[in-house]
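Trainee: Got a minute to go through this model with me? I have a few quick questions.

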Amino acid sequence: MVNSCTVTDEADRQSRKMAARLSRDNPAARVVMTGCAAEVDPERMAKSKGIHYVIGNRSKPELVDIILKKLSGRSNQWCGAV
């Protein structure tokens, strides 16, 4: 899970870079992007390399349920409501 920041372009870039690195280093893992950057631009995050799920700040309380539903095949939702 990457809790992203989007205060600056550099912080946003580093969040995406971290997600790509986690995915590359752990190919069996599923990377979740959450936080401010996921809230502000979920479509961009969803298209970024290595990110499997995008869940905005408003959906954080349901984060575990969203991921469990997706992993169990009970949901086609790739990202949490933003």
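Trainee: Where does S4 sit?
Mentor: S4 is in strand β1. Keep in mind that this is a predicted model.

Trainee: Is S4 buried or exposed?
Mentor: Buried. Its relative accessibility is 5%, and the cut-off for buried is under 20%, so S4 counts as buried.

Trainee: What does S4 touch, leaving out residues up to four places away in sequence?
Mentor: S15, M33, T34, G35, C36, A37 and A38.

Trainee: And which backbone nitrogens does the S4 side chain reach?
Mentor: Two to look at. A polar atom of the S4 side chain lies 3.1 Å from the backbone nitrogen of A37. For the backbone nitrogen of A38, the distance from the S4 side chain is 3.4 Å.

Trainee: What about R16? How far is its C-alpha from that of S4?
Mentor: 8.1 Å. The two residues are twelve apart along the chain.

Trainee: Switching to the sheet. What is the strand order?
Mentor: β1-β2-β3, in an open sheet of three strands with parallel pairing. β1 (2-4) and β3 (53-55) are the edge strands, each pairing on one side only. From one strand to the next, the twist averages 25 degrees.

Trainee: What holds strands of a sheet together in general?
Mentor: Backbone hydrogen bonds, with the strands either parallel or antiparallel.

Trainee: Back to this one. How many bridges join β2 to β3?
Mentor: Three. β2 covers residues 32-35 and runs parallel to β3. Within that pair, V32 stands opposite Y53.

Trainee: Which helices pack on the sheet?
Mentor: Take α1, residues 9-25, which touches β1 and β2. Its direction makes about 170 degrees with that of β1. Then there is α4, residues 63-72, which touches β2 and β3. The direction of α4 makes about 155 degrees with that of β3.

Trainee: Now the core. Which residues make up the largest nonpolar one?
Mentor: Nine in all: V2, A19, V31, M33, A37, A38, M45, I51 and V54. A37 and A38 are also on the contact list of S4.

Trainee: Pick V31. What does it touch, again skipping residues up to four places away?
Mentor: V2, A19, L22, S23, G50, I51, H52 and Y53.

Trainee: And what lies apart from the largest core?
Mentor: Another core, of six residues. Among them are Y53, I55, L63 and I66.

Trainee: Why would nonpolar side chains gather like that?
Mentor: In soluble globular proteins, nonpolar side chains tend to be buried together.

Technical notes:
Residues are numbered from 1 along each chain as its sequence is written. This is a predicted model: local features need pLDDT of at least 70, side-chain atom pairs count only at pLDDT 80 or more; totals for chains, interfaces and linings use all residues. Side-chain values use heavy atoms; hydrogens and water are left out. Two strands pair if DSSP finds at least two bridges between them. Helices (H or I, at least four residues) and strands (E, at least two) are DSSP runs, numbered from the N terminus. Axes are lines fitted to C-alpha atoms, for helices over the stretch in contact, and angles run from 0 to 180 degrees between N-to-C directions. Contact means heavy atoms within 4.5 Å. Buried means under 20% relative accessible area, exposed over 50%, partly exposed in between (1.4 Å probe, protein chains only). A polar contact is a pair of N or O atoms within 3.5 Å; within protein, one must be able to donate a hydrogen and the other to accept it, and residues adjacent in sequence count only if both atoms are side-chain atoms. A nonpolar core is a set of buried Ala, Val, Leu, Ile, Met, Phe, Trp, Tyr and Cys residues joined through side-chain atoms within 4.5 Å.
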